[in-house]
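I opened the notebook today to go through the metal sites and one helix pairing, writing down each look-up as I made it.

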Amino acid sequence: MQIPPLAGLATYEEAARVGYSVEENVARFLRYAWIEKRAMEVGLYWLASTPEWEVKEALGLHLSLDADHAADIRVRVGEMRNPVPRMDVCPDPAIDQFFDELLTAQDTVEKIVGLYGVLKPALLAAYRAHFAKSNPIMDHPTRYMIKHILVDEEEMNVWGAMAVTAVTHTPSAQAKADQWQAHLNAFLQNMGGIMGDQEKPAELPASRAVEPFTPDFFPQRDDRFAMKWNFINPQRQVSMNEAVPLDERIIALMCRRVVEMDVPEYMTRIIAESKGEPWEYYVELTRQLWDEVRHAMLGSIYFENRGVDWKKHIAIHPGMSIRLGTLNVKDAHNVLYAIEQNLMPAKTGKKLEYQISVNANSPLAAQIQDYDWADEVLHVHTGRKWLLPKTGLPSGEAVKKGWALRAETVDVLEKYDDRGEQKNWWPEFVQEVLGRETAHEEFNLVRM
Ligand SMILES: [Fe+2]
Ligand SMILES: [Fe+2]
Ligand SMILES: [Fe+2]
């Protein structure tokens, strides 16, 4: 047996097959990068307003991956063309037209079917075809890049296919989905498909995008969240109370994790309405957003593991997201900055939370807090890099300003508190999970 040539990437015969030229590559990459950017934006526009928790989880992951994909493609274009063509402009108005239609989705069925029944499968097919046609040696960097994007896009499509099945299980939902899919497919075809090289349809259906798109960032929860409008937050005080036994402090800490979904909810607006930033901004901020989705997931994992119906027994409300929605995006980001810097002091912050869970002898909670801490250190750096220069303030001043801004929004929830009973749910929760009375005595029942 001979040692294989060409580093094992291809046979000589395969390597002699002519693939895309540099020009053909660049023309396609400009489209893919724009499509990935717009897919990221769709996720940002939909995460808060889509009630289903599982959709929020997936959108958080997928929008951050799409920001990464756009970043990779931008780098590859830069390697092939000097000067680098502009990548902050739409390469084909028909692409934007497709996304304008997609954004008219009215409900979860249309959102899921549009994104995961139309766009994502087409994108996956385009990447597969591109990979297959690229020359394995001459264009190895492209293949290397697409191979890694494909891993993500394949996983997204697996989730997406199951989600489409789940939301179209009734005949009426299926009929509505079919109609919507046909509508969007016509607009996809009108852009020549993802690559732009397919034949366009003779006629387009009437556009649904008659009004300019205005994003709705108001956070929603589905009806499994029994206390979604109860803004009382006992968990922080209980977790910090040294007079409370560790097993109760741990469940308080895990409540603090699971309610974190409101962080990505308000971050969507901060990122989506920050236009014209360097692409790195979107990559790093969407990564942070996804981390916050994961922090909420971590709390849910803990309670699922203990067999607790967390959606029913914990007030997982979107209070901070509603409050920060009343500030401009720079000020909202400034509040996030203050909150995150505040997690660093060892005696009150993430280190303490980690130690509580180690002391409580809960390996699962300890690991959750260990990674939560690591993520928050990263977020402190992200905030220093992107928010501080915008404020023109030294860090200490920016923190003070963040707390002041947060305090300004304290009355915002009054407008919404008649949507549900405002009550201290902690004693019942402790009874449910630990089978005894809470050891915490004095509750501060301020709405958060
Ligand atoms: Fe992507
Ligand atoms: Fe977090
Ligand atoms: Fe964070």
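Is E260 buried or exposed? I looked up its relative accessibility, found 8%, and entered E260 as buried, because the cut-off for that word is under 20%. I keep in mind throughout that this is a predicted model.

**Entry 1: iron ion (ligand 2).** I listed the protein donors of the iron ion (ligand 2) as E260 (OE), E292 (OE), H295 (ND1) and E376 (OE), which lie 2.0 to 2.2 Å from the ion. I then checked the geometry, and because the four donor atoms subtend angles of 85 to 158°, I recorded the arrangement as irregular. Along the chain the donors of this ion follow the spacing E-x31-E-x2-H-x80-E. I placed E260 in the loop between α9 (246–258) and α10 (262–272) and E376 in helix α16 (residues 363–386), so this pair ties together parts of the chain that are 116 residues apart in sequence. I noted that E376 is buried, with a relative accessible area of 2%.

**Entry 2: iron ion (ligand 3).** For the iron ion (ligand 3) I found E292 (OE), E340 (OE), E376 (OE), E376 (OE) and H379 (ND1) as protein donors, at 1.9 to 2.6 Å, and the spacing of the donor residues in sequence reads E-x47-E-x35-E-x2-H. The iron ion (ligand 3) and the iron ion (ligand 2) are 3.6 Å apart, and I saw that E292 coordinates both. Since E292 lies in helix α11 (residues 279–305) and E376 in helix α16, the pair ties together parts that are 84 residues apart in sequence. I looked up E292 as well and entered it as buried, at a relative accessible area of 1%.

**Entry 3: iron ion (ligand 1).** Here the protein donors I listed are E36 (OE), E36 (OE), D66 (OD), H69 (ND1) and E153 (OE), lying 1.9 to 2.5 Å from the iron ion (ligand 1), with the spacing E-x29-D-x2-H-x83-E along the chain. D66 in helix α3 and E153 in helix α6 (residues 140–167) link distant parts of the chain, 87 residues apart, and I recorded both D66 and E153 as buried.

**Entry 4: helices α3 and α5.** I followed α3 (residues 53–80) to α5 (residues 108–133), whose axes come within 14 Å of each other and cross at roughly 30°. The two helices are therefore roughly parallel to each other, and I entered their crossing as left-handed. On the α3 side the contact is made by V55, L59, H62, D66 and I73, and on the α5 side by T108, I112, L115, Y116, K120 and Y127. I marked D66 in this list, as D66 is also among the donors of the iron ion (ligand 1).

Definitions and conventions:
Residues numbered from 1 in each chain as written. Chains lettered and ligands numbered in written order. Predicted model: local features only at pLDDT ≥ 70, side-chain atom pairs only at ≥ 80, totals over all residues. Heavy atoms only, no water. Donors = N, O, S within 2.8 Å, 3.2 Å for Na, K, Ca; no water. Tetrahedral: all angles 85-135°; square planar, octahedral: opposite > 155°, others 65-115°. Helix = DSSP H or I, 4+ residues; strand = E, 2+ residues; numbered from the N terminus. Buried < 20%, exposed > 50% of the residue type's maximum accessible area, 1.4 Å probe, protein only. Axes fitted to C-alpha atoms, helices over the stretch in contact; angles between N-to-C directions. Parallel < 35°, antiparallel > 145°, perpendicular 65-115°, else oblique. Left-handed = near helix turned anticlockwise from the far one by under 90°. Contact = heavy atoms within 4.5 Å.
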